[in-house]
Amino acid sequence: MKIYFAPMEGITLYPLRNIHKEMFGECVDKYYTPFVSTARTYKFKKREQRDILPEFCISFDDYKSEVVPQIMGNKAEQIVWAAKKMHELGYREANLNMGCPVATVVNRQKGSGLLEDTAKLDAMLYEIFDTLEKENLGIEFSLKTRLGMHDESETAGIMEVFAKYPASELTIHSRVRDDYYKGAIRLDAFCDAVKVYRENGGKAPIVYNGDITSVESFNMINDRVSDIDRFMIGRGLIFDPALAREIDGGEALKAEELRTYLDRLYDAYEEYIPEDQNVIFKMLEHWAFLHVHFKDCDKQLKAIRKSRSKGEYRAAVTNIFSSCEFIN
């Protein structure tokens, strides 16, 4: 079994990837970066480029295979250019994002917006894989998708397109775009998608993605998709940084571990974003998930959210750990 840490825009940046790898990464096989966007200028944004530089993969013995940059684009030539840049940086795999449901992305026919027109999708993928094969770069090219834009009736046509191309892996989020990240996952539709993909000759290993937030939810999903042995987890590893370890039969998250993790994240973000208030805002993105580990913590959590300096933030964090019951 393999477990992958999904990309989450603005959260799974290299400070988090490095610290999570050191503290909880023994059962995580790959970490995906938030997407880098292609553009007509053939230049990455400075912030995005910084996040994929090998010099910042300090906790990885083999960043080339343990870290996977994700590409966002809708033009084959721009996506190929981005894949080449990843190859130049030493990465062994690049991943194409066809799952992001955000309206500003979809309206530009990127992310899950690529799924609406299967003819255009087919033409784009043909050009990408044809060019990569002809240039023989040696970089693996994987795909991440949803089941469709609006409903499950779109799934079969999308899978028939994917089955034509030699992706190194196909990650399927078990929702359609209109679901965003809400509502029940569509496990029956996921299983049907895999069946259609295989029946049409698709050979890539399938990676399951969607709502793995606990050992219990993993076991339920694993029972339903028993022929899948690769799982991508995003929010679940933000809720519980030790979740991959627990799924593998290891210890549950401990309070002292979480405190150390949060302290190290703050210090790392302090170097990444050198202003106290902005560092606190970044930490609040984590507390939006992590507060579930503390019983009856509304008052203490409010103090964390109201922090305006490093000292106030540290004091508020100390208070929630000392005065609230920890739930792992």
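Which residue in β10 is the bridge partner of Asn 209? In this predicted model, the partner of Asn 209 in β10 is Met 232, and that pairing belongs to a sheet of ten strands whose pairing is parallel. The protein chain as a whole comes to 15 helices and ten strands, and the points below take up its overall form, the sheet, strand β10 and the aromatic side chains in turn.

**Overall form**

- The protein chain has a radius of gyration of 20 Å, which agrees with the value near 20 Å that a compact globule of 328 residues would have.
- Along its principal axes, the C-alpha trace of the protein chain spans about 60 × 45 × 35 Å.
- Of the 328 residues in the protein chain, 55% are buried, while the accessible surface comes to about 14,500 Å², with 48% of that area belonging to carbon and sulfur atoms.
- When contacts between residues at least 6 apart in sequence are considered, 72% of them join residues at least 24 apart.

**The sheet**

- The ten strands form an open sheet, and the order across it is β3-β5-β6-β7-β8-β9-β10-β1-β2-β4.
- At the edges stand β3 (36-37) and β4 (67-68), and because each has a single partner strand, one side of each is left without a neighbour in the sheet.
- Strand β6 (residues 93-98) pairs with strand β7 (residues 140-146) in the parallel sense over six bridges, and within this part of the sheet Ala 94 stands opposite Phe 141 in β7.

**Strand β10 and its neighbours**

- Strand β10 covers residues 230-233, and both of its faces are covered: Arg 230 and Met 232 lie on one side, Phe 231 and Ile 233 lie on the other, and all of these are buried.
- This arrangement can be read alongside a general pattern: in a regular strand the side chains alternate between the two faces of the sheet.
- Strand β1 (residues 2-5) runs parallel to β10 and is joined to it by four bridges, with Lys 2 standing opposite Arg 230 in β10.
- Strand β9 (residues 206-209) also runs parallel to β10 and is joined to it by two bridges; Asn 209, with its partner Met 232, was the subject of the opening question.

**Aromatic pairs and clusters**

- The count of aromatic pairs in the model comes to 19.
- One of them is formed by Tyr 14 and Tyr 272, which are edge-to-face, at 5.3 Å centre to centre and with 80° between the planes.
- That pair links distant parts of the chain, since Tyr 14 is in helix α1 (residues 14-24) and Tyr 272 is in helix α12 (residues 255-272), 258 residues apart; both Tyr 14 and Tyr 272 are buried.
- Phe 129 and Tyr 165 form another aromatic pair, and this one is stacked, at 5.7 Å centre to centre with 15° between the planes.
- The pair of Phe 129 and Tyr 165 also links distant parts of the chain, joining helix α6 (residues 118-135) to the loop between α7 (155-162) and β8 (170-173), with the two residues 36 apart.
- Phe 129 counts as buried because its relative accessibility is 7%, and Tyr 165, with a relative accessible area of 10%, is buried as well.
- Phe 190, Tyr 208, Phe 218 and Phe 231 form one aromatic cluster, and Phe 231 is one of the buried residues of strand β10.

**Charges over rings**

- The charged end of Arg 50 sits over the ring of Phe 56, at 5.7 Å from its centre.
- Arg 146 lies over the face of Tyr 181, where the distance from the ring centre is 4.9 Å.

Definitions and conventions
Residues numbered from 1 in each chain as written. Predicted model: local features only at pLDDT ≥ 70, side-chain atom pairs only at ≥ 80, totals over all residues. Heavy atoms only, no water. Phe/Tyr/Trp six-rings, centres within 6.5 Å; stacked < 30°, edge-to-face > 60°. Buried < 20%, exposed > 50% of the residue type's maximum accessible area, 1.4 Å probe, protein only. Lys NZ or Arg CZ within 6 Å of the ring centre and 35° of its normal. Rg over C-alpha atoms; globule rule 2.2 N^0.38 Å. Contact = heavy atoms within 4.5 Å. Areas by Shrake-Rupley, 256 points an atom, 1.4 Å probe, with all protein chains shown as cover. Pairing = 2+ DSSP bridges.
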